[in-house]
Amino acid sequence: MRKWRRRTGHICQSVCCSENVNLIVLGDYKALSCAGADWFEEGIREKPDAAIVPATGDTPMGLYRELAERHSRGLIDTSQLCIFQLDAYLGLAQDDRRSLFGWMHRVFIEPLGIAESNVVRLAGDVLDPWEACRVYEAAVRAAGGFDLSVLGLGPNGHLGFNEPPSPPDAPTRIVDLTPESIVSNARYWGGEEHVPRHALTCGMDLLLAARRTLLVVSGTHKHEILHRAIEGPQTPAVPASYLQSASHVTVLADQAAWQGR
Ligand code: PGA
């Protein structure tokens with residue numbers, strides 16, 4: 001899993017923040033996306049039937065486009081991958097364009113040619129969403145946990161929709177969105193007033209147990225929360241700070257996020 005770093009150009013800085021967290025600072029978003037695709041490609045080469053949880057959000061989109069391009073050129077084999085949905089808005093149908101399942105489908109499942117039978121939903125639109133959380137947890141455990149986890153960093157330090165405060169053992173569950181998440185998601189909903197107030201999220205417990213985690217962070221607006229997440233105290237107030245004690249965590253940040261300018 002070290003090879004991908006040698007192939008990646010444009011590394012500005014590589015810092016071991018802790019025993020488990022390796023931070024790589026890239027010049028810009030394009031370089032970050034290519035480095036993320038290299039990380040992913042190396043991971044699925046090592047384990048072609050990897051269990052993977054890919055975040056939605058803006059930051060990993062360049063990475064997914066890069067992967068789709070490699071897939072279309074026949075460079076990566078996705079036929080055996082098993083993909084798990086990270087989070088979902090409560091009560092929103094999966095075929096609604098704004099659903100996180102639909103988003104994951106458009107940017108990841110379809111372009112990478114993943115079979116429907118290899119996709120595990122976190123269903124927010126069922127009669128008993130708590131039961132859906134339990135079914136999801138059981139499916140992750142049956143897969144032996146996540147091999148690869150690709151995450152973005154919320155403006156409030158959330159991972160998935162593990163909103164602050166979230167302790168490291170927080171299970172898969174229904175959560176109330178914080179005002180910061182509502183503001184940050186308003187762009188997808190045509191205004192804050194339209195953003196759902198509740199969501200389902202894969203738990204911290206499952207995410208922190210992933211064998212390898214990639215956290216992608218881009219833009220000056222993430223500067224402060226990035227430093228709090230990887231250098232600050234581990235606290236439920238910044239759920240991403242618990243990645244400091246997860247195993248094999250790679251943080252890819254562009255210079256804007258790392259330097260704040
Ligand atoms: P972003 O979202 O990638 O759109 O910044 C990250 C998140 O809120 O988890």
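Visitor: What makes strands 5, 9 and 8 an open sheet?
Guide: In this predicted model, 3 strands lie in the order 5-9-8 with antiparallel pairing. Two strands pair if DSSP finds at least two bridges between them; strands are DSSP runs of E with at least two residues, and helices are runs of H or I with at least four, numbered from the N terminus. Strand 5 (87-89) and strand 8 stand at the edges with a single partner strand each, so one side of each has no neighbour in the sheet.

Visitor: How do you know that strand 5 pairs with strand 9?
Guide: DSSP pairing needs at least two bridges, and 3 bridges join strand 5 to strand 9 (residues 198-201). Ala88 stands opposite Leu200 in strand 9.

Visitor: Why is His158 called buried?
Guide: Buried means under 20% relative accessible area, exposed over 50%, and partly exposed in between, with a 1.4 Å probe and protein chains only. His158 has a relative accessible area of 10%, therefore it is buried.

Visitor: Where is His158 placed, and which residues does His158 contact?
Guide: His158 is in the loop between strand 7 (148-152) and strand 8 (173-176). Contact means heavy atoms within 4.5 Å; beyond neighbours within four places in sequence, the contacts of His158 include Glu163, Ser181 and Pro239.

Visitor: On what basis are these values given?
Guide: Local features need pLDDT of at least 70 and side-chain atom pairs pLDDT 80 or more, while totals for chains, interfaces and linings use all residues. Residues are numbered from 1 along each chain as its sequence is written, and side-chain values use heavy atoms, without hydrogens and water.
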